[in-house]
Structure formats: C-alpha cells, structure tokens
Amino acid sequence: PDPALTRRAADIDVFDEELAQRIARMWDVMYEAGGVGLAAPQVGWSARLLVLNPEGSRDDTSGEMVVINPRVVKKWGKATAQEGCLSFPDIFVDVSRPAGVRLQWQDETGEQHESDFNDFVARILQHENDHLEGVLLVHRMSPVDKIRWRRELDELAAGAAAG
Ligand code: CO
C-alpha cells in the first residue's frame, strides 16, 4: 500500500554526487536482500532509476547496470518465467513478458545509451521498469495466483499498515 510504489516515478535530471551516493545505497540494499534488481521507488524514492546485476552478488559485478530514465522503444517475443520481488518477500509467480527489449537510458553520469537485451536481463529490466510506472508484481499476477497467494498478500498489507 506504500504510495511511492504505485505512482509514476519522476525523471532524474541532476547527475551529481548526491545521486552517486543514493545509487551506492541502492547497491547495498539490493545485495543485502539477495536481489538481482532494485528500483528507487522500492526504497521510498520516487525517481526513474534502477540497478541490476543478474549474478545477484558483489563477487561478480561484470553485469552491473545503473539505468536512469529508461524507455523501452521496442519489444519482441514472449516468455514466461517465475518472478519474485523484494517488495513481496516469499511470493513467486509466473509472469509472461516480451522475451527481449530495446532500451534507451542514461547512466549515472547522464550519458545516453541504447541497447538490446534478451532473456533474464530483459526480464529484470522489465520488472524493475514496471516499478517506475507504479506497476507491481501483484498487478501482473493471474487471478488464480492472487487467490493462491491471498494469505501472504493480506499479511504484507496488514504489516505495512501496522508499521
Ligand atoms: Co520488484
């Protein structure tokens, strides 16, 4: 129910030391939680920024990406795979998405990039990009999965309301 998670996040237009420090904190949160991606709205910051590392570990940072103001300009294929989300701990559901995307984005220095991504990285990018649009795993769940995970979802909502 956190409103930061369900609204469209704002563009980033200042690429400064404060931004670099916020990104460093996001890496800490992502690795401590054992995730492969994290979007700024998940840490209460309504900004169009996500970080990802398909290895999910500081032991291999070769796949680390900082993605700012991303735009999906092309999609292709279709694939279904199980997804989890750090904002929905212990809930895992099958989600169908395009298998690949062409993405335009800025890095932490503001430089523009465009590249094609497929398979697992494309899935992480699309999941985290959903967070920037206020779209959550619960919105991507089938009606059957919503019933199946109702108890866990109710507990999450009750916990958020309590604390
Ligand atoms: Co998520």
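**Close-up 1. N69 sits in strand β3 of this predicted model.** Look at the backbone here: the phi angle of N69 is near 50 degrees, a positive value in a residue other than glycine. N69 counts as buried because its relative accessibility is 15%, below the 20% cut-off.

**Close-up 2. V72 shares strand β3, which spans residues 65-76.** At 29% relative accessibility, V72 is classed as partly exposed. Which residues does V72 touch once its neighbours within four places in sequence are left aside? They are V101, R102, L103 and N129. For R102, the C-alpha to C-alpha distance from V72 is 5.8 Å, although 30 residues separate the two in sequence.

**Close-up 3. D119 belongs to helix α2, residues 119-132.** Here is another backbone angle to check: D119 is not a glycine, yet its phi is positive, at about 55 degrees. Is D119 buried or exposed? With a relative accessibility of 58%, D119 counts as exposed.

**Close-up 4. A cobalt ion is held by C85, H127 and H131.** The donor atoms are SG of C85 and NE2 of both H127 and H131, at 2.0 to 2.2 Å. Along the sequence, the spacing of these donor residues reads C-x41-H-x3-H. The pair C85 and H127 links distant parts of the chain: C85 lies in strand β4 (residues 79-85) and H127 in helix α2, 42 residues apart. C85 is buried, with a relative accessible area of 8%, and H127 is buried with a relative accessible area of 8%.

**Close-up 5. Strands β4 and β5 form a hairpin.** Two residues lie between the strands. β4 runs antiparallel to β5 (residues 88-97), and six bridges join them. If you are coming from the metal site, pick up the trail at C85, which stands opposite F88 in β5.

**Close-up 6. R22 and E18 meet in a salt bridge within helix α1.** The N to O distance between their side chains is 3.2 Å. Both residues lie in helix α1 (residues 17-33), four residues apart, or about one turn of the helix. R22 counts as partly exposed at 27% relative accessibility, and E18 counts as partly exposed at 48%.

**Close-up 7. A salt bridge joins R58 to D28.** How far apart are the closest N and O atoms of R58 and D28? They are 2.5 Å apart. This pair links distant parts of the chain, with R58 in the loop between β2 (49-52) and β3, and D28 in helix α1, 30 residues apart. R58 is partly exposed, with a relative accessible area of 47%, and D28 is partly exposed at 33% relative accessibility.

**Close-up 8. D130 and R140 pair up in a salt bridge.** Their side chains meet at 2.8 Å, N to O. D130 lies in helix α2 and R140 in helix α3 (residues 137-140), so the bridge ties together parts that are ten residues apart in sequence. The two partners sit in different surroundings: D130 counts as buried at 9% relative accessibility, whereas R140 counts as partly exposed at 39%. To see the wider setting, add E83, R97 and R123, which are linked with D130 and R140 in a network of salt bridges. The structure holds 13 salt bridges.

Key
Residues are numbered from 1 along each chain as its sequence is written. This is a predicted model: local features need pLDDT of at least 70, side-chain atom pairs count only at pLDDT 80 or more; totals for chains, interfaces and linings use all residues. Side-chain values use heavy atoms; hydrogens and water are left out. Buried means under 20% relative accessible area, exposed over 50%, partly exposed in between (1.4 Å probe, protein chains only). Contact means heavy atoms within 4.5 Å. Donors are N, O and S atoms within 2.8 Å of the metal (3.2 Å for Na, K and Ca); water is not among the atoms, so sites may look incomplete. Two strands pair if DSSP finds at least two bridges between them. A salt bridge is a side-chain nitrogen of Lys or Arg within 4 Å of a carboxyl oxygen of Asp or Glu.
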